[in-house]
Amino acid sequence: MSLFGKTKMGYALVESMHLAPWRTLLEEGIGLQVAHADEEQLAFRMDGHARRIIVRRGPAEDVIATGWQLENDAALDTVVARCRARGIDVASGSAEAAKERGVASFVTVQGPKGLPIELFTEATRAETPLEMLASGFVTGDGGMGHIALTTRLPDDVERFWGELFDARLSDRVAQRIAGVMLDIAFLRLNERHHSMAIAATRGLRLDPLRTKVQHVNVEAASIDDIERAFERCRHLGFEMAHEIGQHPNDHQISFYVITPSGFEFELGWNARKVDEASWRTASYDAISSWGHKPERAGLVHRLAENAGNFARGLHSLLNPEYAPLRKP
Ligand SMILES: [Fe+2]
């Protein structure tokens, strides 16, 4: 059985010590609805699911798990069987953990970079109407959005998603950023142009980021949502990693705001859907067709960022990156 079209992004679980600014960003900036808030945990919704983004108190300052919704039990069993056939452990999540994520039950596997990939079929539905600053979010058959990560083992990450979920390559982008050539592969699991973006430095493979995830993306329903959310985030004092611009491959118009945990959050609009009958895989030489300018492009900031990233990149050479399909 092919799993293409049967898997979609379901949720993201974040761990942070900065719950108050996270709430401000997602509720007042991006415009999501708070589904739950206490001293230890925040949960947000954007559609009929009870929870889409969960921020739990803790030191990671990163996405600590991503949830993926399978169409039915047969599809879930297929992934589990594929994992077991490859020696990848599959563990059951506890009832308490399922409640935290807003799903009936889930299983978890250690994904690329050691980031847990959690699999579920049934999401808890919200019982109240949506009330949020944004007019709406595009989820449906394409899922809640996408995840982007940097890796030193891009071939392994592509293989993981290809072998376990029948992911297809939508396109590739190569661009020089801060003097380093970056190759990015965009993988789709369904009609959404990409659910995973995988970035790697060309030549010597460095991982310049502290966080496992470079950004999380969600898709707003209208261009007004983008402009208003951009203004609100600005007004609330959040820094833009990249101001409004457009990607040449999925045509999405978006901005990237820096979250209280340091990774980026992309709010996009109007990503084109892939028509499997006519799609041709392409290569692009720029990540943006216009815009996406960094808010702080000053020389001092650039030097400081690059020095930090370079040091971290060198440090990454000393630590092997976890790849599920590699036998130790
Ligand atoms: Fe993105």
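## A walk to strand β12

Start with the whole protein chain coloured by secondary structure: six helices and 18 strands (DSSP runs numbered from the N terminus, helices being H or I of at least four residues and strands E of at least two). The radius of gyration, taken over C-alpha atoms, is 19 Å, close to the 20 Å that the globule rule (2.2 Å times the number of residues to the power 0.38) gives for 328 residues, so the chain is as compact as a globular protein of that length. This is a predicted model: local features need pLDDT of at least 70, side-chain atom pairs count only at pLDDT 80 or more, and totals for chains, interfaces and linings use all residues. Numbering runs from 1 along each chain as its sequence is written, and side-chain values use heavy atoms, with hydrogens and water left out.

Next, select 8–122 and 143–270, which an unreviewed UniProt entry annotates as "domain: VOC"; such annotations may be inferred rather than shown by experiment. Residues 8–122 are 28% helix and 38% strand, while 143–270 come to 20% helix and 44% strand.

Now zoom in on β12, residues 196–201. Six of its six residues are buried (under 20% relative accessible area, 1.4 Å probe, protein chains only), so the strand is largely enclosed by the rest of the structure. Met-196, Ile-198 and Ala-200 sit on one side, with Ala-197, Ala-199 and Thr-201 on the other.

Which strands pair with β12? Show β9 (145–150), which runs parallel to β12 over four bridges (pairing takes at least two DSSP bridges); here Ile-147 stands opposite Met-196. Then add β11 (180–188), antiparallel to β12 with six bridges, and find Leu-182 opposite Thr-201.

Note on methods
Buried < 20%, exposed > 50% of the residue type's maximum accessible area, 1.4 Å probe, protein only.
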